Protein chains: 2
Amino acid sequence: MENNYIYGKNPIFEVLSKNPKRVNKIYIQKGFFYDKRLKNIVDLARDNKIIVQEASLQKFAEFFEPNVNFQGIIASISPVEYIELEDFLEIEKEGYKKLIILDGISDPHNFGAIIRTAAAAGFDGVLISNHRSCPITPTVEKISSGAINHIPIIKTTSLSASIETLKKHDFWVIATQMQAKDNYYEIDYTDMNFAVVMGSEGSGISKTILNKADFTIKMESNFESLNVSAATAVIAYEALRQIRVKEKIALRK
Amino acid sequence: MENNYIYGKNPIFEVLSKNPKRVNKIYIQKGFFYDKRLKNIVDLARDNKIIVQEASLQKFAEFFEPNVNFQGIIASISPVEYIELEDFLEIEKEGYKKLIILDGISDPHNFGAIIRTAAAAGFDGVLISNHRSCPITPTVEKISSGAINHIPIIKTTSLSASIETLKKHDFWVIATQMQAKDNYYEIDYTDMNFAVVMGSEGSGISKTILNKADFTIKMESNFESLNVSAATAVIAYEALRQIRVKEKIALRK
């Protein structure tokens with residue numbers, strides 16, 4: 001059972017006002033009276049584009065021991081802090097930045113595995129949207145093997161707007177697509193800031209995002225499609241391979 | 001709950017005599033009287049190097065509905081048939097064969113993911129040992145996304161002996177090792193039959209196997225080690241990339 005839940009009006013109001021990015025989702029007990037305090041919480045959540053959902057008391061009891069005084073509200077909380085894209089862009093770095101963007105990855109195992117791989121391959125961040133995406137849950141934390149504390153996770157309310165911002169900051173956007181002309185190893189990752197967009201196995205990358213991509217790349221598969229976390233590993237390490245090979249050649253000169 | 005279990009002396013004797021490779025493990029109820037039939041089963045299992053373990057009736061009840069007449073024995077059965085290395089070697093193929101060898105991968109998620117990736121990357125088989133390895137369970141089948149029916153899974157009683165056999169049949173054996181001199185992309189996968197040995201995240205590849213390897217390769221990681229299924233994806237696709245690039249160059253000539 002995921003255990004990063006908090007309950008009660010005061011604790012939830014606190015985290016919402018001080019650290020809204022850590023709140024994944026809010027559940028309000030069905031039929032509960034909306035007093036002023038509860039209304040304030042719901043407004044604050046909506047201002048921060050956090051999903052608010054009604055749930056039965058039975059559902060609440062799944063998350064906690066019986067006899068807890070929920071005060072009609074529970075919230076799912078991320079164990080780590082997300083960062084803003086603007087703050088990510090201000091992080092100083094020698095050389096180019098490498099980013100993974102996840103469009104609608106809802107499976108916590110895949111999400112955790114991708115965070116671990118991105119950190120291993122020396123990527124600078126993972127960007128997710130707060131719609132259609134798996135938030136950071138204890139499962140994600142566990143599967144990432146602690147890597148969520150070593151690589152910035154950027155959460156955005158609009159993937160589309162974030163991609164525009166990235167492009168204005170000299171990032172090239174690469175989207176994976178089965179019908180692409182180029183193979184993932186046929187583009188040069190060594191000479192630019194770049195962001196690779198990975199879509200869900202079910203529905204792929206949304207059209208709006210695909211239309212904004214500077215490059216599309218494909219991957220061969222002899223049996224159905226590759227799992228999204230395996231595909232991310234292959235692309236991330238191909239980029240790293242190209243960078244290392246180029247550095248070695250530069251050293252020889 | 002894994003549900004590929006059968007119980008009773010007759011059904012288990014049947015599958016053991018006709019299809020021993022499908023039997024992952026046998027459990028005998030603690031304190032149960034070993035009659036002739038039960039003794040025959042245990043002998044047959046040991047002849048086939050299948051692990052026989054005592055377990056409490058309580059353990060039995062975890063696998064089945066209550067009130068089942070176990071007759072003192074249950075067996076875990078693979079949903080697919082494994083093949084013999086000798087049969088794998090006789091499969092005819094134009095060009096070189098590519099194989100993944102797993103040394104002590106006990107996590108069913110990793111095992112399933114590796115089978116799926118191996119099939120996607122056009123590998124010809126996955127070889128496992130029946131010691132220290134995860135057998136094919138329903139979880140493995142599910143995570144492999146059905147790929148276990150599309151790529152031969154070879155089961156051996158001795159990894160070491162199988163590697164000797166492979167080498168006699170013109171296979172080059174490549175082992176992953178943190179201290180290796182070459183990076184995984186610095187060897188040429190295009191000109192040989194090869195088998196890549198992947199070890200468990202905990203203990204790596206056993207020394208006996210490492211000593212038999214023709215090449216050792218390493219992978220860069222900026223955060224702990226890469227997950228074994230991600231590492232397998234990266235290496236398998238690097239081999240495929242080299243093969244495709246070479247084919248493209250050959251076509252141009």
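**Figure 1. Strands β2 and β4 of chain B pair antiparallel in this predicted model.** Strand β2 covers residues 23-29 of chain B, and strand β4 covers residues 73-77. Five bridges join the two strands. Pick out B:Ile26 to find one of the pairs. Its bridge partner in β4(B) is B:Ala75.

**Figure 2. Four strands of chain B form an open sheet.** Read across the sheet, the order is β1-β4-β2-β3. The pairing is mixed. From one strand to the next, the twist averages 25°. Which strands stand at the edges? They are β1 (5-7) and β3 (51-55) of chain B. Each has a single partner strand, so one side of each is left without a neighbour in the sheet.

**Figure 3. Helices α1 and α2 of chain B lie across strands of the four-stranded sheet.** Helix α1 (residues 9-18) of chain B lies across β1, β2 and β4 of chain B. Its direction is at about 40° to β4(B). Helix α2(B) lies across β2, β3 and β4 of chain B. This helix runs at about 135° to β3(B).

**Figure 4. Helix α2 of chain B has a span close to the expected one.** The helix takes in residues 36-47, twelve residues in total. How far does α2(B) reach from its first C-alpha to its last? The span is 16 Å, close to the 16 Å expected at 1.5 Å a residue. B:Lys49 follows the helix. Its phi is positive, near 55°.

**Figure 5. Seven strands of chain B form an open sheet with parallel pairing.** The strand order is β7-β6-β5-β10-β8-β11-β9. At the edges stand β7 (153-156) and β9 (182-183) of chain B. Each of these has a single partner strand, so one side of each has no neighbour in the sheet.

**Figure 6. Strands β5 and β6 of chain B pair in the parallel sense, and helix α7 packs on their sheet.** β5 spans residues 98-103 of chain B, and β6 spans residues 125-129. Four bridges link them. In one of the pairs, B:Leu99 has B:Gly125 of β6(B) as its bridge partner. Helix α7 (residues 159-168) of chain B packs on the sheet. This helix touches β5, β6, β7, β8 (171-176) and β10 (193-199) of chain B. The direction of α7(B) makes about 135° with that of β8(B).

**Figure 7. Chain A is divided into two domains.** Domain 1 of chain A runs over 5-77, and domain 2 over 85-252. Their centres, taken over C-alpha atoms, are 32 Å apart. The contact between them takes four residues from domain 1 of chain A and four residues from domain 2. What kinds of residue does domain 1 of chain A bring to this contact? Its side has no nonpolar residues, two polar and two charged.

**Figure 8. Chains A and B meet in a contact with 24 residues from each chain.** On the side of chain A, α5 (108-120) and α9 (228-252) each give two or more residues. Helix α9(A) gives the most, with seven residues. The chain A side divides into twelve nonpolar, eight polar and four charged residues. The model scores ipTM 0.82 and pTM 0.83.

**Figure 9. Confidence varies among the elements of chain A.** Chain A averages a pLDDT of 91, and 98% of its residues score at least 70. Among the elements of chain A, strand β9 (residues 182-183) has the highest mean pLDDT, 98. Helix α3 (residues 57-63) of chain A has the lowest, 79. Where pLDDT is low, the predicted coordinates should not be read in detail.

Terms used. Residues are numbered from 1 along each chain as its sequence is written. Chains are lettered from A and ligands numbered from 1 in the order in which they are written. This is a predicted model: local features need pLDDT of at least 70, side-chain atom pairs count only at pLDDT 80 or more; totals for chains, interfaces and linings use all residues. The expected span of a helix is 1.5 Å times one less than its number of residues. Two residues are in contact if their C-beta atoms, placed from the backbone, lie within 7 Å. Ala, Val, Leu, Ile, Met, Phe, Trp, Tyr, Cys and Pro count as nonpolar, Asp, Glu, Lys and Arg as charged, and the others, Gly among them, as polar. pLDDT is the predictor's confidence in each residue, from 0 to 100. Two strands pair if DSSP finds at least two bridges between them. Axes are lines fitted to C-alpha atoms, for helices over the stretch in contact, and angles run from 0 to 180 degrees between N-to-C directions. Domain bounds come from an automatic or database domain assignment.
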